[in-house]
Amino acid sequence: MNPLGVTMGFRDFKPCRYWLSQINNIDRIEISNYEHGEAHLIAKEFFLNNPQYSHFLFLCEDTIATPSHVKLILEDAQQYPNAVVCGLSNVQWDKAEVNISFRNMYNLVVGGREVYQHPKIEDVVTGKYGFPFVKVWFTGTTLACIPRHVAEKLSFKPYRYMRLEDSYRLFKVKMQWGIMQDFQMSKELYALGVPVICDLRLFVPHFTQSPASWDFKGKPRTVILYRKDGRTEKIREDKPYS
């Protein structure tokens, strides 16, 4: 196996950045300060243009995933070569729910979180749904490993876009902000007949969303590759959003 770890974001959460830096036995790419829809397409293009990578591995910027998490999910990927394997996290600090769902939402119009019917953390950790592996319909891609032959068929596009006024209020830039890529991916996986297997041992703390840390304005956009041999390569740099 030769996975590519992919981190997309715009925040600098110190514990998260520390543990990402400890994942040094695989190549990792960090796509910083891009609109989320654009970041996903950059990640897809880089992955597809580098066929040496066997798996696309989501490593989120606002969660703590350790080398042990990565080791285990890669073992899972070998056990389930034709599936997407994933971990899970808390949805928010003030809601005792995890970011997976068993509900088939393929034909639903999804807006708010209530539609997802996220399982309660207590039910998950006490084995109500089984342990350690459960088949889910939705994964929040907090920690998710996608084999190449599946990733090649996915769009990596958002499910919908925020209103321009909301994008500006939250991110301080006037642009269409793509959201719910994880939901769109779950829909596409279902249409392809690709199972999503969640390993309940792979729980990662999620620091949730803090609008105070969402200011893009003036921040340079960069794509940096951290190679497992210790080399660092700047793949791309763009001017800040205005």
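Where does Pro132 sit? Select Pro132 and you will land in the loop between α4 (121-125) and β8 (133-136). Keep that spot in mind; we will return after a look at the whole chain. One thing to know before we start: this is a predicted model.

**The whole chain**

Show everything as a cartoon. You should find seven helices and 15 strands. The radius of gyration is 17 Å, close to the 18 Å that the globule rule gives for 242 residues, so the protein is as compact as a globular protein of that length. Turn the C-alpha trace along its principal axes, and the spans come to about 50 × 45 × 35 Å.

Now switch on a surface. Its accessible area is about 11,500 Å², with 52% belonging to carbon and sulfur atoms. Of the 242 residues, 54% count as buried. If you like to draw contacts, take those between residues at least 6 apart in sequence: 74% of them join residues at least 24 apart.

Colour by charge next. The protein carries 31 positive and 26 negative charges, and the mean positions of the two sets are 3 Å apart.

**Back to the loops**

Zoom in on Pro132 again and include its neighbour Phe131. The peptide bond from Phe131 to Pro132 is cis, with omega near 0°.

From there, select Gln117, in the loop between β7 (100-101) and α4. Check its backbone: phi is near 55°, a positive value in a residue other than glycine.

Met180 is another stop of this kind, with phi near 65°, again positive in a residue other than glycine. Look for Met180 in the loop between β12 (178-179) and α7 (181-192). Is Met180 buried or exposed? At 13% relative accessibility, Met180 counts as buried.

**Salt bridges**

Side chains of opposite charge can pair when their charged atoms come close. A search of the whole structure finds 18 salt bridges, and a few of them make good stops.

Start with helix α3 (residues 67-79), and show Lys71 and Glu75 as sticks. Their side chains meet in a salt bridge at 2.7 Å, N to O. The two residues are four apart in the helix, which places them about one helical turn from each other. Lys71 is exposed, with a relative accessible area of 53%, whereas Glu75 counts as partly exposed at 36%.

Move on to Arg227 and Glu233, whose side chains form a salt bridge at 2.8 Å, N to O. Arg227 is partly exposed at 24% relative accessibility, and Glu233 is partly exposed at 33%.

Select Arg231 and Asp229 as well: here too the side chains meet in a salt bridge, at 2.8 Å, N to O. Asp229 is partly exposed, with a relative accessible area of 49%.

For a bigger selection, pick Arg11, Arg17, Arg28, Glu30, Glu61 and Asp62 together; salt bridges that share partners join them into one network. Leave Glu30 on display for the next stop.

**Last stop: Thr222**

Select Thr222, in strand β14 (residues 221-226). Thr222 is buried, with a relative accessible area of 13%. Which residues does Thr222 touch, not counting those up to four places away in sequence? Show Glu30, Ile31, Ser32, Tyr34, Arg236 and Glu237 around Thr222, and you have them. To finish, draw a distance from Thr222 to Phe47: the two are 175 residues apart along the chain, and their C-alpha atoms are separated by 16 Å.

Conventions. Residues are numbered from 1 along each chain as its sequence is written. This is a predicted model: local features need pLDDT of at least 70, side-chain atom pairs count only at pLDDT 80 or more; totals for chains, interfaces and linings use all residues. Side-chain values use heavy atoms; hydrogens and water are left out. The radius of gyration is taken over C-alpha atoms; the globule rule is 2.2 Å times the number of residues to the power 0.38. Buried means under 20% relative accessible area, exposed over 50%, partly exposed in between (1.4 Å probe, protein chains only). Contact means heavy atoms within 4.5 Å. Accessible areas come from the Shrake-Rupley method with a 1.4 Å probe; for residues, only the protein chains shown count as cover. Lys and Arg count as positive and Asp and Glu as negative; His and the chain ends are not counted. The place of a charge is taken as NZ of Lys, CZ of Arg, CG of Asp or CD of Glu. A salt bridge is a side-chain nitrogen of Lys or Arg within 4 Å of a carboxyl oxygen of Asp or Glu.
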